[in-house]
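Trainee: Please take me slowly through the empty space in this one, and don't skip the cut-offs. Once that's done, carry on to whatever else is worth a look.

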Amino acid sequence: MKNLVVVGTQWGDEGKGKIVDLLTENFDVVARAQGGHNAGHTVIIGGKKYILHLIPSGILHPGKICVIGNGVVFDPFAFIQELEELEDIDYSDRLFVSDRCHLIMPYHRAVEKAEEERLGDNRIGTTNRGIGPAYEDKVARRGIRMGDLGSPVIFRKRLEEVVRSKNLLLKEVYNSEPLSADQIYEDYMGLADVVLPMVTDTADMLSRLDRSGKKILFEGAQGALLDIDHGTYPFVTSSNSTSGGVCTGTGIGPARIDGVVGISKAYTTRVGAGPFPTEYSGSLGETFRSVGDEYGASTGRPRRCGCFDGVITRYSCNVNSVTTLVITKLDVLDQQEQIEICTGYKYKGEVFTTVPMHAEVLEEVEPVIETWKGWKKDTSGIRQYSELPQEARDYLKRLRDYLETDISVVSVGPDREETLFVDDSPYAGALMRR
Ligand code: GDP
Ligand code: IMO
Ligand code: MG
């Protein structure tokens, strides 16, 4: 499989960072296509922890080309801070940013904060990084793009126009402080020298690399249930985080994609507001949170935890056309007496096996639960799939059968080595071949 997409199949934080890092060895290029620094991708190498937000996780591998594609919304201040955190990594001449990326501006953060406050109990629970408002401006055709920074006259003209209308909104609707176009101009121009040398037409660059035989790994951010079209709207992010988003977000067409690797936790988590049918309230949720260390990699917020939701994950396998799945964090279930799987949703006398379109309905469904025997053994030291306890293999087989999707990799810990390849998967070998 030459060009591969990695996507989250739940509500984000499935362990995409770890798996992208694991696969990068076999690729030449790693590209992001959507989202922004709302993502938090954790990679642990030799005990050292890195959290990537805007920069592809592939940057941690010396020599690999990393691309931030046109579909990403780009905050230059967050970018520079992240570069500073990568102090021991040499990224020179191998990190590129699309000239078509839309810029996140201070008014995006200000409007988002004001709108979330206004919504009160009905808030989305966003990461407050200006992601949604930046995508709003892109679609409304008033966005400012990365390439505009290279043309100060154009940048200033667009900025003044937009700031005028944003200040009206901030003052009249949200009763908040207006922003100064002069100040924003100075701040952004101050960063231009650092960022512009990395800015290029990345769609053209990726096509050339692809044609010359280089292998491209596309690193998804967020998860399918946070997708603006396929997710639990309105409790979603503002981009297409499903596999289709890769094509529009990088300029590489679907005919050049050879496979989609879906990442799923062995249970389910969600951070932020919105429906979560299998959520555990009470002590079981707390146990999962503490054993799985379930705190947001970007915001530090506690993640909500629940059992594996087969309905959303099967839906996800479909809307992403997942070729093969990676199941992460199996080790978190090690000490459970019983392991639960949700196989349907009961609602007003009916049973659904797909995701209803209204968040209000999903909020009220009752999960249909299947119970499997726990294995009560530590799996984190296991390095061969065949050595997993029988109960763990039975659980994984049930997931594969229910999801009607291959499972090729199982992760039993955050480190690279804590990874098992499933013996009878036709894809396990292909994923690890150059
Ligand atoms: P991402 O956003 O999909 O990249 O995932 P995050 O990095 O936000 O969250 C996943 C968390 O789980 C990180 O802290 C990882 O280090 C950790 N992790 C990944 N795989 C495993 C695993 O198999 N077992 C355990 N215990 N932790 C894991
Ligand atoms: P990674 O790539 C988990 C959630 C937020 C909120 C909703 C909208 O690490 O999996 P936004 O700021 O994007 O407008 O917030 O989406 N969210 C994530 N949840 N993992 C992420 O990224 C997320 N990125 C956004 O919590 O509910
Ligand atoms: Mg994350």
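Mentor: Start with the largest cavity: 14 residues line it, and those nearest its centre are Ala33, Gln34, Glu219, Gly220 and Val246. Four elements each give two or more residues to that lining, namely β1 (4-8), β2 (29-32), β10 (216-219) and α8 (245-250). Helices here are DSSP runs of H or I with at least four residues, strands are runs of E with at least two, and both are numbered from the N terminus.

Before going on, the ground rules. This is a predicted model, in which local features need pLDDT of at least 70 and side-chain atom pairs count only at pLDDT 80 or more, while totals for chains, interfaces and linings use all residues. Residues are numbered from 1 along each chain as its sequence is written, chains are lettered from A and ligands numbered from 1 in the order in which they are written, and side-chain values use heavy atoms, with hydrogens and water left out.

Now, what counts as a cavity? The search uses a 1 Å grid over the protein atoms alone: a cavity is a set of points where a 1.4 Å probe fits but cannot get out, a pocket is an open set with protein on both sides within 12 Å along at least five of seven lines, and lining residues have an atom within 4 Å of a point. Points are joined across faces, edges and corners, and the volume is the space filled by probe spheres set on them. With that recipe, the whole structure yields one cavity of 30 Å³ or more. The largest cavity holds about 50 Å³. Its lining splits into six nonpolar, six polar and two charged residues. Nonpolar is Ala, Val, Leu, Ile, Met, Phe, Trp, Tyr, Cys and Pro, charged is Asp, Glu, Lys and Arg, and the others, Gly among them, are polar.

β10 and α8 come up again at an odd backbone spot: Pro234 is in the loop between β10 and α8, and the peptide bond from Tyr233 to Pro234 is cis, with omega near 5°. Most peptide bonds are trans, and most residues other than glycine have a negative phi.

On to the second largest pocket, at about 550 Å³. It has 28 lining residues, with Thr42, Gly292, Arg303, Lys329 and Pro414 nearest its centre. α1 (16-24), β3 (41-45) and β4 (48-52) each give two or more residues to this lining, and β3 gives the most, four. By class that's eight nonpolar, ten polar and ten charged.

Thr42 turns up beside ligand 1 too: 19 residues surround that ligand, and the nearest are Lys16, Gly17, Thr42, Asp331 and Ser411. (Near means a heavy atom within 4 Å.) As for polar contacts, a pair of N or O atoms has to be within 3.5 Å; within protein, one must be able to donate a hydrogen and the other to accept it, and residues adjacent in sequence count only if both atoms are side-chain atoms. Lys329, from the pocket lining, puts a side-chain N or O atom 2.9 Å from an oxygen of ligand 1. Backbone atoms join in: a polar one of Glu14 is 3.1 Å from a ligand 1 oxygen, and an N or O of Gly15 is 2.9 Å from one. On its own ligand 1 has 590 Å² of accessible area, and the protein covers 93% of it. Such areas are Shrake-Rupley values with a 1.4 Å probe, and for residues, only the protein chains shown count as cover.

Ligand 2 has 20 residues around it, the closest being Lys16, His41, Thr127, Thr237 and Arg301. Thr127 has a side-chain N or O atom 2.6 Å from a ligand 2 oxygen. Val271 offers a backbone N or O atom at 3.1 Å from a ligand oxygen, and Gly125 does so at 3.5 Å. Alone, ligand 2 exposes 550 Å², of which the protein buries 98%. Its shell has seven nonpolar, ten polar and three charged residues.

Last, two loop residues: Asn175, between α5 (152-173) and α6 (181-195), has a positive phi of about 55° without being a glycine. Asn175 is exposed, at 71% relative accessible area (exposed is over 50%, buried under 20%, partly exposed in between, with a 1.4 Å probe and protein chains only). Lys348, in the loop between β16 (338-347) and β17 (350-352), also isn't a glycine and has a positive phi of about 45°. Lys348 is exposed as well, at 70%.
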